[in-house]
Amino acid sequence: MSNLFPTYNKWPITVKEANGTTLIDDNGKRYLDFVAGIAVCNLGHCHPHVNQAIKNQLDKVLHVSNLFHIEGQDDVANQLVSNSSGDLVFFCNSGTEANEAAIKLVRKATNKKKIITFYQSFHGRTMGSLSATGQDKIHQGFGPLLEGFTYVPFNDCDALKAVVDHEAAAIILEVIQGEGGVHEVTSEFIETINMLKEKHKLLVVVDEVQTGIGRTGKAFGYQHYNLSPDIITVAKGLGNGFPVGGLIGKQHLIEAFGPGSHGSTFGGNPLAMAAATATTETIFTEEFLNEVLDKGNYIFSKLKNAIQSSIVKQVRGKGLMIGIECHQDVSSFISSLRDDGLLVLNAGPNVIRLLPPLTVSYKEIDQAVESIASVLNKVTVNSN
Ligand SMILES: Cc1ncc(COP(=O)(O)O)c(C=O)c1O
């Protein structure tokens, strides 16, 4: 009998050891981990540089609060702004908190309430981020939601034009919807967003909680497109497993987040900053990011060649954020792969999502593709 609220349908695995792309459970079974803590351990489990940075910081200062200057905050902020379109950073502890901060900031900066988000988006579980999320199943039972959100079908330019007017404070989007099924934004949609931004002076917020920190082969996913967001939200991969989130904003927003306007007791704490400094300085190099792109191209072509099953509708994504959409529910495939020692997850009912550590080796990619192909190639649309 567990004393935990059953908010998660947990997998039957207790991890005792984690290293790189490998997890070892309490029975000694080894798994190839293509989940990476849900796009968190981008440098692999127990990355020596990150872990050492946390250990070094632990015995110096653990916590003092944001009443003090915390050295590491400037280092991480510098990494984030010099690798993005932003100028200023606010630190928090998670993705949902980063999006809460974004919702507050756009409202205060524009003095407007209306925020446009998209169906199948996912922005988090606290009331603001939950209200921003365009999925009924996430809202169920938690109303009344925060007012002011308008949801539009993703990549539908006419639908977006129809709802954006001078009352719009912001558009919030994921450039690749992660939880919603690994759906990539189109360049036409980006151009529509840019046109509306110019016309109505609204703010553009990109939720990079899943796509950020090198996941797609760029520091941030939006950098694949012609987009210069006013606000970028990050979390997940920023601390390689240590909880940390952040909002990166442009200089013109400085007044709206002045003293006393927003805060977090733990946001930007010394341990989180040590982890984030080590993580970002490792990932934000041209060489590292180009390798992610190369591995992404490699896994795409391998998957396309290896999967013969008509069960697969489409393989899509960018870098090492990959969705394999099938013609049926994928939960049985995910359990078969787990039994075979490969951990993957779903994105909606019909999509198998691969989010390996960015440090995954070519050999591990070959192994994973072989397992996926052997599970999927046994099934055909007709046999179901
Ligand atoms: C795009 C996106 N935004 C926000 C969140 C919420 O992040 P957290 O679980 O850290 O609150 C997630 C989590 O999956 C996400 O994928």
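**A residue-by-residue tour**

Start by selecting T22, which, once its neighbours within four places in sequence are set aside, is in contact (heavy atoms within 4.5 Å) with E17, R30, Y31 and H45. Before going on, note that this is a predicted model, in which local features need pLDDT of at least 70 and side-chain atom pairs count only at pLDDT 80 or more, whereas totals for chains, interfaces and linings use all residues. Residues are numbered from 1 along each chain as its sequence is written, and side-chain values use heavy atoms, with hydrogens and water left out.

T22 belongs to strand β2, residues 22–25; helices (H or I, at least four residues) and strands (E, at least two) are DSSP runs, numbered from the N terminus. The relative accessible area of T22 is 18%, so this residue is buried, a word that stands for under 20% relative accessible area, with exposed meaning over 50% and partly exposed the range in between (1.4 Å probe, protein chains only).

**Helix α5 and A132**

Move next to helix α5, residues 127–132, where A132 is found. With a relative accessible area of 1%, A132 is buried, and, not counting residues up to four places away in sequence, A132 touches I103, T117, S121, H123, F149 and Y151. If you then add L376 to the selection, you will have two residues that are 244 residues apart along the chain and whose C-alpha atoms are separated by 35 Å.

**The ligand**

Now centre the view on the ligand and display the 13 residues around it, of which G95, T96, D207, Q210 and K236 come nearest; a residue counts as near when one of its heavy atoms lies within 4 Å. This shell divides into two nonpolar, seven polar and four charged residues, where Ala, Val, Leu, Ile, Met, Phe, Trp, Tyr, Cys and Pro are taken as nonpolar, Asp, Glu, Lys and Arg as charged, and the others, Gly among them, as polar. Helix α4 (residues 95–110) supplies the largest share of the shell, three residues.

Which atoms of T96, Q210 and K236 should be picked out here? For T96, choose the polar backbone atom that is 2.8 Å from an oxygen atom of the ligand; for Q210, choose the polar side-chain atom that also lies 2.8 Å from a ligand oxygen; and for K236, choose the polar side-chain atom 3.2 Å from an oxygen atom of the ligand. The ligand has 390 Å² of accessible area on its own, and the protein covers 81% of this, with areas taken from the Shrake-Rupley method and a 1.4 Å probe.

**Helix α10, strand β13 and the cysteines**

Continue to K295 in helix α10, residues 286–306. K295 counts as buried, at 5% relative accessibility, and its contacts, leaving aside neighbours within four places in sequence, are L320, L358, T359, V360, Y362 and I365.

From there, select V315 in strand β13, residues 312–318, which is buried with a relative accessible area of 13%. Beyond four places in sequence, V315 is in contact with F300, L303, K304, I322, G323 and I324; K304, 11 residues from V315 in sequence, is 7.4 Å away in space, C-alpha to C-alpha.

Finish with the cysteines, where the count of disulfides (pairs of cysteine sulfur atoms within 2.5 Å) comes to zero. Why does C92 form no such bond? The closest cysteine sulfur, in C41, is 18 Å from the sulfur of C92, which is too far for a bond. C92 is buried at 2% relative accessibility, and C157 is buried as well, at 9% relative accessible area.

How values were computed
A polar contact is a pair of N or O atoms within 3.5 Å; within protein, one must be able to donate a hydrogen and the other to accept it, and residues adjacent in sequence count only if both atoms are side-chain atoms.
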